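Trainee: Can we go through this one together? I'd like to start with how the chains meet.
Mentor: Fine, here it is.

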Protein chains: 2
Amino acid sequence: MKKESEELVGVKEIARRANVSIATVDRVLHDRPGVSLKTKEKIQQIIKELNYQPNIVARTLASRKKLKFAIIMPASSEETSYWKAPLDGVLQAEQELRQYGISVEKYLFDQNNRKTFVKQTAALLQQKPDGILLAPMFVEESNQFMQQCREQSIPVVFINSDLPGQSGLAYVGPDLYQSGYLSAHLISYLVRPSDSILMLHITRELEMDHHLLRKEEGFRTYWQEQGYTQELITMHIGQTDTETIRHHISRQLKNSSIRVLFVTNSRVAAVAKVLEELDRTDLLLIGYDFLEDSIVYLKKNVIDFLICQKPQEQAYLGMMALYDKLVLNQPVKSVHFMPIDIITRENYLFYNN
Amino acid sequence: MKKESEELVGVKEIARRANVSIATVDRVLHDRPGVSLKTKEKIQQIIKELNYQPNIVARTLASRKKLKFAIIMPASSEETSYWKAPLDGVLQAEQELRQYGISVEKYLFDQNNRKTFVKQTAALLQQKPDGILLAPMFVEESNQFMQQCREQSIPVVFINSDLPGQSGLAYVGPDLYQSGYLSAHLISYLVRPSDSILMLHITRELEMDHHLLRKEEGFRTYWQEQGYTQELITMHIGQTDTETIRHHISRQLKNSSIRVLFVTNSRVAAVAKVLEELDRTDLLLIGYDFLEDSIVYLKKNVIDFLICQKPQEQAYLGMMALYDKLVLNQPVKSVHFMPIDIITRENYLFYNN
DNA sequence: CTGAAAGCGCTTACAG
DNA sequence: CTGAAAGCGCTTACAG
């Protein structure tokens, strides 16, 4: 009985019961104007009674509406291939969404050059996309961009990191504080009472530091909560070339009890290279992200742990959030924290970004 | 130009070019009989030239074919709620697949009683499903079941563990050997030279042991490869009640240097309970699976690490493999190993089964 | 404010 | 072996 009624529920049946045409039902369904209040209420009542669920497949086929999504994120670079993964996520989403008539335009910028970001946002807005996926690396410029999106009523989803004080449609990415907190926990198993820990922020753009500093904050909080007394040395290296890194690290290692190095981003591969050259692979090295370079050192046991946050999935889910909102008209979770994955020599083969 | 041609590609255009009706194109598309070889080849040629991609949305809408999937796995029980997660994965898939006309029938059995499995497989086959998701707990009975599925040409996807010597459509689950190997690596960071390790297999059904023994094998291999000399005590506990577990563990702990306990399945929660009662939470405890009970002890720092393999996703992906094969006619990866996740007090909040 | 009709790109009987 | 026609459940002009 229940089944039968379920079979019948469609615009046609609703129209029949309301004594109107399916066009009118469609108007109510989409809250379009041109329906008398009385008819509207009657139809809404029937929709409710029947617990009508629209057939998304039919809707997609009939509506030739083509949506345009735009993404803007850093380009993968010599310096770090991190951004290849999010782009892959975008590509995956694009492929799945293509059959629903959604196209995706990609705008990449140089994460060491905020001007390229501004330029790309301008180009992007000219295309008048229906939804935007944004990796907000530059706080100030991103704020301005958000302002424009708001004016044009274009929903924006953040990935990788959010934008302090701004709320887009959703954020998909790591909880940076917890990420640092976790690292501290992990490291607490590895250090002896007399060891020191060297925490390294390796980045050119100061702006990105709010990112790294959140991790440090989480780390320090854990350390204090636990009452650990090991020395914690923090260091900022403003150049990302091996030369500079080697210089600073070898100096630090000369006269100290450092036994653990914690790199707060994907530059851990560069540190691994340095440690290998210095013949100090005995040290424990922990860092971020699942990059090919890093995996090489993970296999060689130079890097001990990598903390990853599924960059590909971040982008994929971000795109799907736009789809849920814009196509399915579904509510979207405003914050979606990614799992914090710990990668080792043994499980890396099974890690899917 | 390219774009224009892409717009036009559909059965209609193919039919026009081949000078046939779209019905004939459809026949070729689905490799149905009733087309002369000459016509068939001509059409295939055009399909290739045009790089025709069928519109799945239209196809789904037009084809009122209703597929029936069946799943058979253990029921979640008092003893362990592990199987709740895979069922959730099935439910999630069911919801997404419903709109494509796919229904899912669930057959659950008691993992401590192989007769219930046999009974359920019989009931399942009577329904003549188009595809099956199977957690093959009982090797012999599962083999017989597979035989029947083969006779009826029903594709089967394994989850959780595969079936030695049998190949279904696909396997989605952990690489058990690597899982044990990883545990050993993790534990190697935690033990001091004088410590001993207690490895615990807690299970009633001997049959399931091939599962656990694979993990032990991986563990031992790592330990040997690395040349570690710490004592490794293995123990099988055939009852899963707290009483029995306490009895065995307290005996072991009495006179030994044991400092790490490694439980090879989800019964780690019971061990945690015992350790708490014995006031031996100073010991390091590592086990499997993301169960509520275990998380409680993880938070309390009684359990130190949990190794998880996304049971929910296993089932979800298994269902999707059936969909890819049966609906989209796409090739399916015959083995899909899950990532090996390490869960701690700090990252559990961000873990999605 | 409302409805009749065409159409989205396929599949499915049915007729020949 | 092949084709004309109806239909899947919606949306979209268009006419009134």
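Mentor: Across the interface of chain A and chain B there are 0 salt bridges, a salt bridge being a side-chain nitrogen of Lys or Arg within 4 Å of a carboxyl oxygen of Asp or Glu. Keep in mind that this is a predicted model, where local features need pLDDT of at least 70 and side-chain atom pairs count only at pLDDT 80 or more, while totals for chains, interfaces and linings use all residues. Residues are numbered from 1 along each chain as its sequence is written, chains are lettered from A and ligands numbered from 1 in the order in which they are written, and side-chain values use heavy atoms, with hydrogens and water left out.

Trainee: How many residue pairs are in polar contact between chain A and chain B?
Mentor: The count is 4, with both residues at pLDDT 80 or more. A polar contact is a pair of N or O atoms within 3.5 Å; within protein, one must be able to donate a hydrogen and the other to accept it, and residues adjacent in sequence count only if both atoms are side-chain atoms.

Trainee: Which elements of chain A touch chain B?
Mentor: Those giving two or more residues to that side are α5, α9 (176-188), α10 (209-226), β11 (335-337) and β12 (341-343) of chain A. Helices (H or I, at least four residues) and strands (E, at least two) are DSSP runs, numbered from the N terminus. By class, that side of chain A has 20 nonpolar, 11 polar and 6 charged residues. Ala, Val, Leu, Ile, Met, Phe, Trp, Tyr, Cys and Pro count as nonpolar, Asp, Glu, Lys and Arg as charged, and the others, Gly among them, as polar.

Trainee: What area is buried between chain A and chain B?
Mentor: About 3000 Å², with carbon and sulfur atoms giving 63% of it. That is the accessible area (1.4 Å probe) that two parts lose on being put together, summed over both. Of what chain A buries against chain B, Tyr189(A), Glu346(A) and Phe350(A) supply 24%, more than any other three residues.

Trainee: How are chain A and chain B related?
Mentor: A turn of 180° and a shift of 0.1 Å along the axis lay chain A on chain B with an RMSD of 0.1 Å. The two copies are thus related as by a two-fold rotation axis. The superposition is by least squares on the C-alpha atoms of residues with pLDDT of at least 70 in both. Also, 97% of the interface residues of chain A are interface residues in chain B too, so the copies meet through the same surface.

Trainee: Switching to the DNA. Which residues are closest to strand D?
Mentor: Asp26(A), His30(A), Arg59(A), Arg27(B) and Thr39(B), out of 26 that surround DNA strand D; near means a heavy atom within 4 Å. Sugar and phosphate make up 70% of the strand D atoms that come within 4 Å of the protein.

Trainee: What touches the phosphates of DNA strand D?
Mentor: Among others, an N or O atom in the side chain of Arg59(A) is 2.8 Å from a phosphate oxygen. For the side chain of Tyr52(A) the distance is 3.0 Å, and a polar backbone atom of Asn55(A) is 3.5 Å from a phosphate oxygen.

Trainee: And which residues come nearest to DNA strand C?
Mentor: Arg27(A), Thr39(A), Asp26(B), His30(B) and Arg59(B), of the 26 around strand C. A phosphate oxygen of strand C is 2.5 Å from an N or O atom in the side chain of His30(B).

Trainee: What does Ala58(B) contact on DNA strand C?
Mentor: A base nitrogen, which is 3.3 Å from a polar backbone atom of Ala58(B).

Trainee: Back to salt bridges: how many does the structure hold?
Mentor: Over all chains, 32. One of them joins Glu13(A) to Arg16(A), with the closest N and O atoms 3.0 Å apart.

Technical notes
Contact means heavy atoms within 4.5 Å.
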